[in-house]
Amino acid sequence: MTEKKRKLKVGVIFGGRSAEHEVSLVSAEGITRALDPERFEVIPIGITRNGQWLAAGNPLQSLSAGQAEGATSVTLLSDRERPGLLQVVSNADSQSLQAVRITDLDVIFPVLHGPYGEDGTIQGLLELANIPYVGSGVLASASGMDKIAMKYIFQAHGLPVLPFVAVGRGRWESTPDTILERLEAALGYPMFVKPANMGSSIGISKARNRETLKMALDQAARYDRKLVVEKGIEVREIEVSVLGNDDPIASVPGEVVPSNEFYDYAAKYLDNASGLLIPAPLSAAQRDEVRRLALRAFLALDCAGMARCDFLMDKHSGVFWLNEINTIPGFTPISMYPKLWEASGISYPELVERLIDLALERHAEKQRIEVTR
Ligand SMILES: Nc1ncnc2c1ncn2[C@@H]1O[C@H](COP(=O)(O)OP(=O)(O)O)[C@@H](O)[C@H]1O
Ligand SMILES: [Mg+2]
């Protein structure tokens, strides 16, 4: 028999326990469609809003339709020799359980945005299972998710970060007046108040005076025990896509033109009226500067595979402030991350394939690490 090269089994994980569940489904559909069927076999793995893992059948369709029944519930087999997916079934006596291997897995593409996906938790699980996976590892994912940790790391690398103050929820609740005075003295109005770990602009508001600052802090405190308050400036929002491992490349910069006063949840997902300018209208010197900063930010956090670096450019002075890094950026065919690569000469299918190769390369590189016995 003439043996054709075995196809790589790519587990695409989507859905999940975050506000960006729906975006994740659209991203996963795009990625699945773009994977070359000659080289890859896609194993779709959906995670419900409750955290249940589904495989077999058509989990993408089940989750899109909002019905998880009928799909097979699975668990990841953390077997360093032969990672795969297991279905756990209860025996006829309903007292004991039996595990059935459904499939092996060669590599995972986690397409989960926000908490429990982009924050290092699933990356930790994949590390334990010894499966190569697309994107950043545990630490880069976690610090990319936590706006306070991220800012400290950027500052330590001399990267430009807007003045900010970290506030503990407990402190805000026990000594509100002290906190308000400290913020007013350190930052002045307007301020942006954010939960440290979130995304999609959830819990973020702009405060113009003491009254709205109090409301903003209460609002952010609903989502995290750590809050970050930043100096608010008038901005243009410039984003750069980064691709690679130790020697990454940066795309042309793009610009988001929010439909609302700032890029809030509605402007991101609901009103469909925000515009993307690709490439961003910038001078050659500005383009170079922002791309260089994006690469430095990627390396500062020790990201891998992909990341989208978001900048706040001061409308008046033209200064670029590093706002955040997203380690699993939106990946729908109309999302900024793949669009910027298209504009830089890398098509969507080529991008997806490169990311899988980068995951395999990173994994192989890590195997060199000596483990003490
Ligand atoms: N310091 C700031 N000054 C002006 N606008 C800001 C500032 N911080 C955030 N914004 C606005 O709020 C949006 C969401 O903030 P961001 O930190 O990117 O949170 P998320 O992680 O939810 O995307 C930004 O895209 C921008 O429109
Ligand atoms: Mg953002």
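In the predicted model, helix 7 (residues 176-186) lies across strand 8, strand 9 and strand 11, and the direction of helix 7 makes an angle of about 170° with that of strand 8. These three strands belong to an open sheet of 4 strands, in which the order is 8-11-9-10 and the pairing is antiparallel. Strand 8 (164-168) and strand 10 (205-207) form the edges of the sheet, each of them pairing on one side only, and from one strand to the next the twist averages 25°. A second helix, helix 5 (residues 147-156), also packs on the sheet, where helix 5 touches strand 8, strand 9 and strand 11 and runs at about 55° to strand 11. Within the sheet, strand 9 (residues 191-195) and strand 11 (residues 226-231) run antiparallel and are joined by 5 bridges; in this pairing P195 stands opposite L227 of strand 11. In general, strands of a sheet pair through backbone hydrogen bonds, in either a parallel or an antiparallel manner.

Helix 12 was examined separately. At 1.5 Å a residue, the 19 residues of this helix (residues 348-366) should span 27 Å, and the distance of 27 Å between its end C-alpha atoms agrees with that expectation. The buried residues of helix 12 are L351, V352, L355, I356, L358 and A359; because they cover an arc of only 155° around the axis, they are placed on the same side of the helix. An α-helix has 3.6 residues a turn, so residues three or four places apart point the same way. On the other side of helix 12, by contrast, D357, A364 and E365 are exposed. The partners against which the buried residues of helix 12 pack comprise four strands and two helices, namely strand 1 (8-15), strand 7 (107-110), strand 12 (235-244) and strand 16 (305-314), together with helix 1 (21-34) and helix 11 (336-343).

At the level of the whole chain, the secondary structure comes to 12 helices and 17 strands. The C-alpha trace spans about 70 × 50 × 50 Å along its principal axes. For 373 residues, a compact globule would be expected to have a radius of gyration near 21 Å, and the value of 22 Å computed for the chain agrees with this. Of the 373 residues, 42% count as buried. Among the contacts in the chain with a separation of 6 or more, 61% are accounted for by residues 24 or more positions apart.

Conventions. Residues are numbered from 1 along each chain as its sequence is written. Chains are lettered from A and ligands numbered from 1 in the order in which they are written. This is a predicted model: local features need pLDDT of at least 70, side-chain atom pairs count only at pLDDT 80 or more; totals for chains, interfaces and linings use all residues. The expected span of a helix is 1.5 Å times one less than its number of residues. A residue is buried if 20 or more other C-beta atoms lie within 10 Å of its own, exposed if 12 or fewer, and partly exposed in between; C-beta atoms are placed from the backbone. The arc is that of the directions from the helix axis to the C-beta atoms. Two residues are in contact if their C-beta atoms, placed from the backbone, lie within 7 Å. The radius of gyration is taken over C-alpha atoms; the globule rule is 2.2 Å times the number of residues to the power 0.38. Two strands pair if DSSP finds at least two bridges between them. Axes are lines fitted to C-alpha atoms, for helices over the stretch in contact, and angles run from 0 to 180 degrees between N-to-C directions.
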